[in-house]
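Thanks, everyone. I will go through the contacts of one model and take the elements as they come up. Please keep the sequence and the structure in view.

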Amino acid sequence: IVFSTLEGDRVLCHADSLELRRFGLSTGFINYASSYATGLLVARRLLKQIGMDQIYKGQTEIDGKDYDVAGLAETYSNDKKPFKAILDIGLTRSTVGNRVYAVLKGACDGGIHVPHNTRNFYGATCDKEDTKRTFRYNADAHRDRIFGCHVDEYMEYLEKEDPEKYKAHFSQWIKCLEANGVEDVEALYTKIFEAIRKDPARPASKKRTRKPQTYEDAERTIIVTAKGKYKRDRKLTLEKRKERIQLKINAFMDQE
């Protein structure tokens, strides 16, 4: 979440999919379900940061249906209006079912007001009749995509058709499911979504204690570490440069 000032852009809140490790995910950080989870995470984190997480709780039951917190009747009776953000997809192609719209859906379900329609969500179709276009949206298909049901379907298919290939292709997913004590990907992401809502805050970063570097020589060109030694060139002082020049002159004179 970024806003602009005269001095430059400022980041108000940030989240990325690698943070999902904290909630039990160890693989699949760039798939559709993880993109949705990242959008949900940044929305809940932002609202908690500005003290609006209890006012706008978002869509607690994820069903794939279109949800906009600004369209609720109780919104207008609150002292604070919903936080509004505009989706900036940059150079990403605006195609139906793109993962940027999974992030958008997660942010909307998280309680942020992002103006949108369902035409680019997964499950959206367009029927053309002459010059007329009819758009349809399948919320159930989108819901299954959000929970990674397509991954479950392929895993079940591959396990039956080729068990060896299944173990090779989904080894990381199998480890992840076993570590979380769930049977399928849908149950895993259900657990992750619930964990995000319980604690979306970013954990405090640990302060790094830097150890002073140890040098082997007075010129500090050889650095000693726990893994070994390595050389680092240093800029020569004026006296050192004059000394090198004099050595070269003496060597040339000796040759004559």
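Glu216 has a relative accessible area of 44%, which makes this residue partly exposed (buried is under 20%, exposed over 50%, partly exposed in between, with a 1.4 Å probe and protein chains only). Its partner Lys229 counts as exposed, at 55%. The two form a salt bridge, with their closest N and O atoms 2.3 Å apart (a side-chain nitrogen of Lys or Arg within 4 Å of a carboxyl oxygen of Asp or Glu). This pair links distant parts of the chain, 13 residues apart: Lys229 belongs to strand β7, residues 229-231, and Glu216 to the loop between β5 (214-215) and β6 (222-224). Helices (H or I, at least four residues) and strands (E, at least two) are DSSP runs, numbered from the N terminus. Elsewhere, Glu19, Arg45 and Arg202 are joined into one network by salt bridges that share partners.

Before going further, the terms of the model. It is predicted, so local features need pLDDT of at least 70 and side-chain atom pairs count only at pLDDT 80 or more, while totals for chains, interfaces and linings use all residues. Residues are numbered from 1 along each chain as its sequence is written, and side-chain values use heavy atoms, with hydrogens and water left out.

Back to the charges. How many salt bridges does the structure hold? There are nine. One of them joins the side chains of Arg136 and Asp127, at 1.9 Å from N to O. Both ends count as partly exposed: Arg136 has a relative accessibility of 46%, and Asp127 has 32%. Another salt bridge is that of Arg143 with Asp144, whose closest N and O atoms are 3.5 Å apart. Here too the residues are partly exposed, Arg143 at 22% and Asp144 at 33%.

Arg143 has a second contact to show. It lies over the face of Phe147, 4.2 Å from the ring centre (a charge sits over a ring if NZ of Lys or CZ of Arg is within 6 Å of the ring centre and within 35 degrees of the ring normal). A similar entry is Arg220, whose charged end sits over the ring of Tyr215, 5.4 Å from the centre.

Next, helix α3, residues 139-146. Which of its residues are buried? They are Ala139, His142 and Ile146. These residues cover an arc of only 60 degrees around the axis, so they lie on the same side of α3; the arc is taken from the directions from the helix axis to the C-beta atoms. They pack against α1 (32-49), α2 (99-109), β4 (132-137) and α7 (185-198). At the N-terminal end of α3, Asn138 acts as the cap, with a side-chain oxygen 3.2 Å from the backbone nitrogen of Asp140. After α3 comes Gly148, with a positive phi near 70 degrees.

Now the rings. The whole structure has eight aromatic pairs (ring centres of Phe, Tyr and Trp, the last by its six-membered ring, within 6.5 Å; planes under 30 degrees apart are stacked, over 60 edge-to-face, the rest tilted). Tyr189 and Phe193 make a tilted pair, 6.0 Å from centre to centre with 35 degrees between the planes. Both residues lie in helix α7, four residues apart, or about one turn of the helix. Tyr189 and Phe193 are both buried. Ring pairs link these two with Tyr36 and Phe147 into a cluster.

Two single residues to finish. His113 is placed in the loop between α2 and β3 (124-129). Buried or exposed? His113 is buried, at 15% relative accessible area. Its side chain meets that of Asp68 in a polar contact of 2.9 Å (N or O atoms within 3.5 Å, within protein one able to donate a hydrogen and the other to accept it, and residues adjacent in sequence counting only if both atoms are side-chain atoms). Leaving aside neighbours within four places in sequence, the contacts of His113 include Val69, Pro82 and Phe83, contact being heavy atoms within 4.5 Å.

Ile1 is in the segment before β1 (2-5) and is partly exposed, at 29%. Ile1 and Val42 are 41 residues apart in sequence, and their C-alpha atoms are 8.0 Å apart in space. With neighbours within four places left aside, Ile1 is in contact with Val42, Leu46, Phe83 and Ile112, among others.
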